Amino acid sequence: MGTGKGFGKVILFGEHFVVHGIPGIVSATDLATVSNVMKGHSGIAVKDERKGTEGYSEKKKLQQQESIESMLDMMGIKERSFEIYLGGDLPVFSGIGASAASSVAIARAMASELKLNFSDEKINQIAYEAEKAYAGTPSGIDNTAATYGGLLWFKKGEPNTVERIKVKKPFEIVLCNTGVVADTKAAVEGVRERKNKNPQKYNPIFQKAEKLVYEARKAIESSDLSRVGKLMDENHMFLQEIEVSCKELDYLVKLAKKNGAMGAKLTGGGLGGCMVALTPGKQVQDRVANAMENEGFQLLKLKVGV
Ligand code: PMV
């Protein structure tokens, strides 16, 4: 049996814009998806025991099958006789990079089962191919975070730019799930269509989003958290303007701010999925988390820059 693991992620700045070549800032989670792969089964059987949003695994089943097929093709594997187990402590919330984490975990487990000596770079490329099934034209930020972990600056290009961001002191965030399973592929396609149809509206927002992410990097590196929070709020406004937020996400952003978060925004593809709030210090983090828990939302208390 081969085993592999892939990290989850929280995009702090630049989702959607990153698909169009603007840099993004992403923090991988310590929580990870684990996969075990065994050859010898007839056909491909996936045993998905990941916990999280109800209905997530069923809704993603077809995209998952397509992603596994493209990974096997990319790895040059002709046989289709594998049992694939998925588990680990990363919950399957939309927006947390669950698909990329599973692709990296499966690619690593498959490589280990078949004794293929793949580098991290190769695993990342394979997971990028797999992400196309879930995200259409992915930027590559999710699979990069899932492969390498840590706090990263990512810019799509040929080649991609990936740099580690250092923080002086780690800080707390709350990730909260709307409970709405989102379709990243539809969200990404929607942005592209609207941008092509309405460049007068979209181009200035993209330009502002680009300026913002450079400022955000500076603020993170200099531990200017009140600035980071303001920039997160502004980033959320841009995401609202490109129509990838929704009432559940806007509600969580307001609830986070009301309870002391320094900033809050949607994270990931939007149209459901998750919100991230900047909550430095255990006390603020607990207050924001409790407010959300009291309303029945699922959430994670995480730390960036550890
Ligand atoms: O919804 P998620 O967790 O798959 O995040 C998608 C992030 C996007 O920027 C919308 C797409 C991408 O490939 O970068």
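Angles between helix axes under 35 degrees count as roughly parallel, those over 145 as roughly antiparallel, those from 65 to 115 as roughly perpendicular, and whatever is left over as oblique. With that in hand, take α3 and helix α4 (residues 120-135) in this predicted model: the two axes cross at roughly 130° and come within 9 Å. The pair is therefore oblique, and the crossing of α3 and α4 is right-handed.

The residues behind this crossing make quite a list. On the α3 side they are Ser99, Ala100, Ser102, Ser103, Val104, Ala107 and Arg108. Helix α4 answers with Asp120, Ile123, Ile126, Ala127, Ala130, Glu131 and Tyr134. Sorted by character, the α3–α4 contact has eight nonpolar residues, three polar ones and three charged ones.

Helix α3 (residues 98-113) also packs with helix α2 (residues 61-74), where the axes come within 11 Å and cross at roughly 40°. That angle makes α2 oblique to α3, and here too the handedness is right-handed. Ile68, Met71 and Leu72 carry the α2 half of the contact, while Ser103, Ile106, Ala107 and Met110 carry the α3 half. Six of these residues are nonpolar and one is polar, with no charged residue taking part. Ser103 and Ala107 of α3 turn up in the contact with α2 and again in the contact with α4.

Further along the chain, helix α9 (residues 247-258) meets helix α10 (residues 282-294). Their axes cross at roughly 135° and come within 9 Å, which makes α9 oblique to α10. The crossing of α9 and α10 is right-handed. From α9 come Leu252, Leu255 and Ala256, and from α10 come Val288, Ala291 and Met292. This contact is made up of six nonpolar residues, with no polar and no charged ones.

Turning to the ligand, 17 residues surround it, and the closest are Lys9, His16, Ser139, Thr184 and Gly269. Some of these reach its oxygen atoms through the backbone. A polar backbone atom of His16 sits 2.9 Å from a ligand oxygen, and a backbone N or O atom of Gly269 is likewise 2.9 Å from an oxygen atom of the ligand. Thr184 uses its side chain instead: one of its polar side-chain atoms lies 3.0 Å from a ligand oxygen.

Two spots in the backbone geometry deserve a mention. Most residues other than glycine have a negative phi, and most peptide bonds are trans. Against that background, Glu158 and Pro159 are joined by a cis peptide bond, with omega at about 0°. Pro159 belongs to the loop between β5 (151-155) and β6 (161-164). The other spot is Ser223, a residue other than glycine whose phi is positive, near 55°. Ser223 falls in the loop that links α7 (199-221) and α8 (225-241).

Note on methods
Residues numbered from 1 in each chain as written. Predicted model: local features only at pLDDT ≥ 70, side-chain atom pairs only at ≥ 80, totals over all residues. Heavy atoms only, no water. Axes fitted to C-alpha atoms, helices over the stretch in contact; angles between N-to-C directions. Helix = DSSP H or I, 4+ residues; strand = E, 2+ residues; numbered from the N terminus. Left-handed = near helix turned anticlockwise from the far one by under 90°. Contact = heavy atoms within 4.5 Å. Nonpolar A, V, L, I, M, F, W, Y, C, P; charged D, E, K, R; others polar. Near = heavy atom within 4 Å. Polar contact = N/O pair within 3.5 Å; in protein donor to acceptor, adjacent residues only side chain to side chain.
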